[in-house]
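Reader: I have a structure open and no idea where to start. Can we go through it together?
Author: Yes, here it is.

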Amino acid sequence: MASVEFESSRPPLFPEGKVSAPKFRLALQAARPRLALVSTYSELCGIAAYTRSLEKQLNDVFEVVVFDLNQYLLRSAHARVRKFGDRHIQEICRELKDFDAVNLQLEHGTLGRTARDIFRRFSWIVRAAPRLSVTFHTMFDAAAFDYRRWLRALSRLKLAEAVAMRSDYTRTHLLSAGIAARLRRAQRFKPVAVVVHTRRDMWHMKYIHGLRHVYDHPLSFLSAGEAGEIRGKATRLRFPILDALPSEARLVGVFGFIGRYKGFESVIRAMHHLPQDHHLLIFGGIHPNEIKQHQPIDPVVSALFDAGYVDTNVAERIRADPAPGTPTVSVAVDGSMRDLLIEHPKDLSHRIHFLGATSDDDFLSGMAICDAVVFPYLEVGQSSSGPISQALELGCRVIASRTHTFLQFGKYHNAMIEYFDIGNHLELAARILARPQYDARTRRLDFNVDTNKATYLAANGASARRSLRVERADSR
């Protein structure tokens, strides 16, 4: 395991009163190596939010320049636009030679839509960077190809299934073993480092892929001072949608783009077992890449409505979901009396509130006003989650599903997260009702923005390069 050691105090860079102002400015300028951050930056996504935070963390040591990856060019399936996407990466690569170090925030989909596009553009960045560190936000497992299942599909003439199996394997292998092999070759000729977010991923990179310099650190966004300032200013009045809620309402929040793997349905089902004063706040919207033409409602949102019995009544539910083997039930009620007589008793529409995709400030303020912040994700092999890091940093009560990701994350923040089994909404409801298992007032994060900064300094060779440049400037 890579470790970083640094002293809490260091002697002054120059003896007081012995350096002229121009020379002092020259030394400071020389002491700040140039770091290129290649990442999404202006998009409403977790990678962009982390990059903005990382820029602030490193700005006093590096001269940080962010290269914003144009998602329109890079994710287009149109052949002509894909060429412009290649040109976009090539233009970035031409600039990288002027930097001391390059960090790539790698969420594979931000470099392209197909595996070949992603790998080709990634290789260009690796080749162009004089010194490279890659932060992996997702790890693909390069498992062996299941030839037995593939041959069985072929023998049964399930050609579509066989083609899909081969295609999925090719993509996963290229984005895991292929990218690792590219880094392994590069480390023979230049300094290469990898930053991952779990110890399991660190071991995977070191022992399976043979990479030398691998650092592990959870996502970190906020200093203690920033978190305190956010909590001090957070209020329900910031969100007009919440004006109608009574002051005694208990707020349960879920955060992030709405998607199937987020498991928000589990929280809605848990709401059926919570008192009427409990309200669910959903901070997040459909990811822009998932917006489809002419689609009246996203299927995930529709599934949330179904779990909360929204805009339905008893008669409609009986007709829509008859139990197998039961006779058909016909219900005839006068239209003007329908809602009064058979409005569904489990309708949660008045207790579920969609806050939409918000700014970074509103996102964090939303966490701060919640009595419990829930992360009910499914297990999808994800390596990290920005919102759960932010919730801990803000001192929120955090309840998370027992996924490998969150269990690995909990190893860095021991005795701070309450867990429930994936999809077990009864256990989740019981935990929300129970007193907090851990006291947030005594919370102290051993892994924070300071240790995160130290990790990036080590991964990008800042310490040795900084002292060398200062000595050269001082000798002039």
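Author: What follows goes from the whole chain to one helix, then to charged side chains.

Reader: Is this from an experiment or predicted?
Author: The model is predicted.

Reader: ok, how many helices and strands are there in the chain?
Author: The chain has 19 helices and twelve strands.

Reader: And how much of it counts as buried?
Author: Of its 476 residues, 48% count as buried. The accessible surface of the chain is about 24500 Å², and carbon and sulfur atoms make up 53% of that.

Reader: What share of the contacts comes from residues 24 or more positions apart?
Author: That share is 75%, counted among contacts with a separation of 6 or more.

Reader: Pick a helix. Which residues of H17 are buried?
Author: Helix H17 covers residues 425-433, and its buried residues are Glu427, Leu428, Ala429 and Ile432.

Reader: What do those pack against?
Author: The buried residues of H17 pack against several elements, including helix H10 (264-271), strand S7 (250-255) and strand S12 (417-420).

Reader: New topic. How many salt bridges?
Author: The count comes to 19.

Reader: Why do such pairs form at all?
Author: Side chains of opposite charge can pair when their charged atoms come close.

Reader: Give me one. What does Asp117 pair with?
Author: Asp117 forms a salt bridge with Arg82, at 2.9 Å from N to O. Asp117 sits in helix H5 (residues 115-128) and Arg82 in helix H4 (residues 79-96), so the pair links distant parts of the chain, 35 residues apart.

Reader: Is Asp117 buried or exposed?
Author: Asp117 counts as buried because its relative accessibility is 1%, under the 20% cut-off. Arg82 is partly exposed, at 28%.

Reader: Which residues are in the network with those two?
Author: Salt bridges with shared partners join Arg82, Asp86, Asp117, Arg120 and Arg121 into one network.

Reader: And Arg250, what does that one bridge to?
Author: Arg250 bridges to Asp371, with the closest N and O atoms 3.4 Å apart. Arg250 is in strand S7, while Asp371 is in the loop between helix H14 (360-369) and S10, 121 residues away. Arg250 is partly exposed at 38%, and Asp371 is partly exposed at 30%.

Reader: Last thing. Which residues form a positive surface patch?
Author: Arg148, Arg152, Arg156 and Lys158 form one.

Reader: Where is Lys158?
Author: Lys158 is in the loop between helix H6 (147-155) and helix H7 (159-186). The relative accessible area of Lys158 is 41%, so this residue counts as partly exposed.

Methods: Residues numbered from 1 in each chain as written. Predicted model: local features only at pLDDT ≥ 70, side-chain atom pairs only at ≥ 80, totals over all residues. Heavy atoms only, no water. Helix = DSSP H or I, 4+ residues; strand = E, 2+ residues; numbered from the N terminus. Buried < 20%, exposed > 50% of the residue type's maximum accessible area, 1.4 Å probe, protein only. Contact = heavy atoms within 4.5 Å. Areas by Shrake-Rupley, 256 points an atom, 1.4 Å probe, with all protein chains shown as cover. Patch = residues over 30% accessible without salt bridge, like charges linked within 9 Å, V, L, I, M, F, W, Y side chains within 5 Å. Salt bridge = Lys/Arg side-chain N within 4 Å of Asp/Glu carboxyl O. Lys, Arg positive; Asp, Glu negative; His and termini not counted. Charge placed at Lys NZ, Arg CZ, Asp CG, Glu CD.
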